[in-house]
Amino acid sequence: MALAAKKKIKKVVLAYSGGLDTSAIIPWLKENYDGCEVVAFCADVGQGDEELEGIKEKAIASGASECHVVDLKEEFVKEYIYPILKTGSVYEGQYLLGTSMARPVIAKAHVEVALKVGADAVCHGCTGKGNDQVRFESCFAALAPELTVIAPWREWDMVSREDLLAYLAERDIPCSASLTKIYSRDANAWHISHEGGELEDPWCEPSKEVWTMTVDPMDAPNEPGSVTLSFKEGQLTAVDGQELSPYQALVYLNDKAAAHGVGRIDIVENRLVGMKSRGCYETPGGTVLMAAYKGLETLILDKESLKFRESIGLEFSHVIYDGRWFTPLAKAQLAAAASLAEKVTGDVVVKLYKGQATVTQRRSPNSLYSEEFATFGADEVYDQQHAEGFIRLFSLSSRITALNQK
């Protein structure tokens, strides 16, 4: 950013986590943007009380004028996770998009705080190598294009954890970070991600120290557990007969599934910026929710509708991964998925055992399954001779092609 542009920044709202990067960003902004006022913003998306404890005091101690902690937990689950669940989105076949789906709700709240305090800029601590810089800045552009975006990792000359620790030490700014914390983690109500350390080598098996949310499947109970989920028009309404808020339902599922080692994946994924990265993810409750929802869909949606929903899921996984939530395309895809979800009402039982979540029972008032038609026994509703004419017509083009070749 040109020096002239820097001089114009009077107040900036920083997405603050209390970690090493954002602790260094606060004094860096004040030094490099002519003493601009820095307001800290922290989004509570269910990352846990430990991460949020004392965060306002940390921000002020680092030089922020104030710190806004915004509770987004219920909004995150109800307005983002549930709609995405209806699309069935899974990125590259495995990743349940835990980091990606939290970015739009955080960015929206970030902009709202910036506009509320009269800031002329927003700032984030994303590196120039990652996906999150694209996700956040795409949301900023869609919601408040008049705000200047500052990305310190694309401007400053610090390149390592050691550089940041030295920078803070020189200014006598307290920080709990140290060189011994080798993993980069991101947590919210849906999941926790792990990168760095031995995971940077795809040939290295993750050590036990990587996993923090779930029981090792090898150590999980030898007796399976089960959970019953109830849906109405695609929305989760009860878990094991309890009517819970969206966030509390997810907390309940996380606890129950994590105890059985459910939700671990170890993947190499294609980042939006062009490189591959290796990460380990823990999504216990989300794994159960996705299995249950898709299990209920199979009972209700006809072949072509399910095929269309699957195509939405594939396309939308890239839309949300790439940070395009606030776009006409996302709105259209979400609307299509919501339309199909209108019939997704019923109950599902998921068995939890040694890292696996398996649908074992399902029922719905909108079920298209008919035992009369599907039975291998005698029936009075299906004439098997009718299949001959259907097959001749279904394979007609192949028959004509073969005759022409002869």
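Analyst: Contact here means that heavy atoms lie within 4.5 Å of each other. The model is predicted, so local features need pLDDT of at least 70 and side-chain atom pairs count only at pLDDT 80 or more, while totals for chains, interfaces and linings use all residues. Residues are numbered from 1 along each chain as its sequence is written, and side-chain values use heavy atoms, with hydrogens and water left out.

User: Against which helices do the buried residues of α12 pack?
Analyst: Helices (H or I, at least four residues) and strands (E, at least two) are DSSP runs numbered from the N terminus, and buried means under 20% relative accessible area, exposed over 50% and partly exposed in between, with a 1.4 Å probe and protein chains only. The buried residues of α12 are A330, Q333, L334, A337, L340 and A341, and, seen down the helix axis, they fall within an arc of 120° (taken over the directions from the axis to the C-beta atoms), so they line one face of α12. On the other side of α12, P328 and K331 are exposed. The buried residues pack against α5 (73-87), α10 (284-300) and α11 (303-321).

User: How far apart are the end C-alpha atoms of helix α12?
Analyst: The expected span of a helix is 1.5 Å times one less than its number of residues. Helix α12 has 14 residues (328-341) and should therefore span 20 Å, which agrees with its end C-alpha atoms, whose separation is 20 Å.

User: Where does R309 lie, and which residue of α12 is among its contacts?
Analyst: R309 is placed in helix α11 and, with a relative accessible area of 4%, counts as buried. Leaving aside neighbours within four places in sequence, R309 is in contact with K86, T87, G88, K294, E297 and L301, and also with L340. Since L340 is one of the buried residues of α12, the place asked for is α11 and the residue is L340.

User: Which helix gives the most to the largest nonpolar core?
Analyst: A nonpolar core is a set of buried Ala, Val, Leu, Ile, Met, Phe, Trp, Tyr and Cys residues joined through side-chain atoms within 4.5 Å. The largest one has 76 residues, and those with the most contacts inside it are F76, L229, F231, L236, V288, L289 and V350. With ten residues, the helix that gives the most to this core is α6 (residues 98-117).

User: How many residues has the other core, which lies apart from the largest one?
Analyst: In soluble globular proteins, nonpolar side chains tend to be buried together. Apart from the largest core lies another, with W28, C36, V38 and W153 among its members, and its number of residues is 30.

User: Which parts does the salt bridge between K73 and D44 tie together?
Analyst: A salt bridge is a side-chain nitrogen of Lys or Arg within 4 Å of a carboxyl oxygen of Asp or Glu, and a search of the whole structure finds 18 of them. The side chains of K73 and D44 meet in one at 3.0 Å, N to O; K73 counts as buried at 15% relative accessibility, and D44 counts as buried at 10%. K73 also meets D71 in a salt bridge (3.1 Å, N to O), although D71 counts as exposed at 52% relative accessibility. The K73 and D44 pair ties together parts that are 29 residues apart in sequence, namely helix α5 and strand β2 (residues 37-44).

User: Which residues are linked with R135 in a network of salt bridges?
Analyst: R135 and D132 both lie in helix α7 (residues 132-143), three residues apart, about one turn of the helix, and both are buried. Their side chains meet in a salt bridge of 2.8 Å, N to O. The network links R135 with R103, D132 and D186.

User: Which residue of β7 stands opposite Y183?
Analyst: Two strands pair if DSSP finds at least two bridges between them, and five bridges join β6 (residues 183-187) to β7 (residues 192-196), which run antiparallel. A hairpin joins β6 to β7 through four residues. Opposite Y183, in β7, stands G196.

User: What is the phi of E233?
Analyst: Most residues other than glycine have a negative phi. E233 lies in the loop between β8 (225-232) and β9 (235-239) and is partly exposed, with a relative accessible area of 46%. Although E233 is not a glycine, its phi is positive, at about 50°.
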